[in-house]
Amino acid sequence: MSIKDLILKGYNGGLNHEGLSPLQKVTLRFVVIGLIFYGVAAIEGMIMRGYAVEPLPLIDEKHYFAIMTAHPIVGIFGSTYLLVFGAFTFLVPYLMKKPIYSIKLANFTWFIMTIGTVLVWLSGFIYYYAPLYTIYWPLPVDFTQFSVAGATMFVVGIALIMIGTLAFIFNTYATVFHTPKGMKKQPVKPLLMSAFGIDGFLNIVNRIRGKEPYVKEPPLSLPIVAIFRGTIDTFLDALVILSAGFLILFYIGNEVFKWGLHYHAVDALLYKNIFWWGLDLIADGLVLIYVAGTWYLLAMIISGRNLFMQNIARAALLLELVVSWAVWSHHLLSDQPQPSIMKLASGEMITAFELITQGLAFFITLTTLWLARPLKMSNELKFLLGGLLGFALAVPAGIIQADLGMNRLLHNTQWVAGAHFHVAILVGLTMTLYSAIYVLFPILTNNSVKLYSQRLANWHFWLHLIGGIGMGAFMGMAGIDGMLRRHIYTEGEYLIYMIPAAICGFMLILAWILFMFNIIATIGLRGLIGIFKPSSIDKDVVVPETAVAAQKG
């Protein structure tokens with residue numbers, strides 16, 4: 001079979017998109033767009049890695065910092081959010097055995113978030129709008145260096161992403177609590193208690209007291225609980241970022257219509273606290289809770305057994321939710337006006353609980369897998385273990401800098417960018433998502449396709465794992481040696497670290513290319529295009545009955 005036919009038609013005939021339900025198609029749309037944005041973010045990251053080795057003649061400093069602004073937004077909101085939202089859009093109805101509340105709203109979500117991400121990217125590409133992703137006040141409204149048009153495009157893009165996020169949240173909650181026609185209505189109280197993990201906590205209390213469990217079979221499975229719990233943080237984050245966007249939009253109007261209001265009318269420290277309270281919910285709340293729930297689901301599917309210490313896991317998710325609301329001050333440890341009590345309580349002490357909550361999730365997942373041995377080292381298991389390793393490295397790296405003394409030395413260096421959040425996102429989160437893709441791929445395609453090349457899948461795994469850890473490690477070493485982030489070095493001061501970091505970054509891009517080629521060769525371009533065509537199957541069908549029978553067979 002020629003490469004041309006393979007790409008066009010797919011391996012063994014490729015994907016039969018006509019047999020996919022509307023829910024399967026909308027989920028795959030989320031995934032396809034999310035993977036494309038991941039590639040864009042990877043290329044942007046490689047440009048910055050290359051620029052750290054030798055400033056490129058094709059872009060100037062203004063363009064460089066515009067890339068630095070767009071890069072995390074494309075990577076987190078455009079790629080990670082779409083991949084996570086797509087997976088959970090499918091998993092909530094699939095695990096609850098009920099139709100999604102609204103297919104139209106699901107399609108609206110991926111579409112408006114795609115448009116929003118493109119607008120943010122264009123605000124940097126066209127107008128060089130570069131207040132950095134933290135948009136610290138008053139940098140976003142400094143119109144002496146940024147244009148009104150760029151700021152407007154950026155804010156509108158962010159607003160569209162947050163509107164899409166709120167649409168996903170509404171659709172998720174509506175699916176959990178809505179009773180479709182013909183199904184038995186469940187009382188709201190048990191659902192809410194299960195969603196917040198209260199029933200798991202009461203089960204632990206009753207066991208200690210020697211009584212019967214509060215509930216033997218919780219109405220919501222553990223992955224649904226994690227999705228519900230993480231979505232609370234997603235909602236709060238969306239509100240905070242939307243509010244910051246409206247504030248910037250107001251000052252854009254102030255600039256255009258000359259209302260005469262000075263940016264000093266906004267307290268910069270108060271703004272920074274509120275903004276980081278919301279933005280940190282992405283990392284310390286949303287990501288850790290969502291990831292823990294995904295680990296639990298993957299461990300149960302891969303092992304074929306119930307999760308170890310289920311009640312503890314439910315209670316830990318509730319603890320993580322509360323902790324996530326009170327840890328934001330670790331981003332402000334080096335800010336002199338920040339009250340010391342907030343630095344100590346929120347920034348150091350409460351942040352340390354992340355080691356406990358994430359450590360519990362780590363232990364429960366690995367123990368569940370260990371008790372099911374021997375296990376086949378499948379793609380989903382390899383990538384799950386890679387994701388666990390990523391967080392095992394990145395979370396302690398974050399805790400190290402959540403110390404008043406260490407923070408002074410590390411916070412504004414490449415240590416934070418490399419050893420902490422790049423390893424967390426690229427290795428921990430992304431490899432977990434790849435594992436979920438491999439698990440869901442047969443379900444979403446009705447078992448109608450066979451992976452084109454296991455060898456390419458192996459290369460993808462090792463290149464991504466070594467590239468992600470290697471890039472984070474070399475950036476972290478540069479940070480320990482004093483290399484600042486958000487700073488351009490032109491004299492080759494840190495080439496000993498930046499050259500191997502760039503090589504590892506190239507490995508990440510190569511891994512993505514091999515993965516995308518493998519997937520396209522598997523389903524074919526015709527199947528890929530077919531994903532975006534309407535489905536002829538009833539919208540209330542989650543997975544066609546023929547596919548369910550094939551999975552059982």
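Q: How is the lining of the second largest pocket divided by class?
A: The lining has 21 nonpolar, two polar and no charged residues. The classes are fixed by residue type: Ala, Val, Leu, Ile, Met, Phe, Trp, Tyr, Cys and Pro are nonpolar, Asp, Glu, Lys and Arg are charged, and the others, Gly among them, are polar.

This is a predicted model, in which local features need pLDDT of at least 70 and side-chain atom pairs pLDDT 80 or more, while totals for chains, interfaces and linings use all residues. Residues are numbered from 1 along each chain as its sequence is written, and side-chain values use heavy atoms, without hydrogens and water.

Q: What makes a residue part of the lining of a pocket?
A: A lining residue has an atom within 4 Å of a point of the pocket, which is an open set on a 1 Å grid over the protein atoms alone, with protein on both sides within 12 Å along at least five of seven lines; in a cavity, a 1.4 Å probe fits but cannot get out. The second largest pocket has a volume of about 310 Å³. Among its 23 lining residues, Leu28, Val31, Val32, Leu35 and Ile437 are closest to the centre. H17 supplies seven residues, the largest share.

Q: What volume does the largest pocket have, and what lines it?
A: The largest pocket holds about 380 Å³, a volume being the space filled by probe spheres set on the grid points. Its lining counts 14 residues, with Asn379, Pro442, Val449, Lys450 and Leu451 nearest the centre. By class these are six nonpolar, five polar and three charged. Helix H15 gives three residues, the largest share.

Q: Why are H4 and H5 called parallel or antiparallel?
A: Helix H4 (residues 103-127) and helix H5 (residues 148-177) pack at an angle of about 160° with axes 8 Å apart. The angle runs from 0 to 180 degrees between N-to-C directions of lines fitted to C-alpha atoms over the stretch in contact. Over 145 degrees counts as roughly antiparallel and under 35 as roughly parallel, so H4 and H5 are roughly antiparallel. Their contact has 21 nonpolar, nine polar and no charged residues.

Q: How do you know whether the protein chain is as compact as a globular protein of its length?
A: The chain has 18 helices and zero strands, helices being DSSP runs (H or I) of at least four residues and strands (E) of at least two. Its radius of gyration is 23 Å, close to the 24 Å of the globule rule for 553 residues, so it is as compact as a globular protein of that length. The radius is taken over C-alpha atoms, and the rule is 2.2 Å times the number of residues to the power 0.38.

Notes:
Parallel < 35°, antiparallel > 145°, perpendicular 65-115°, else oblique.
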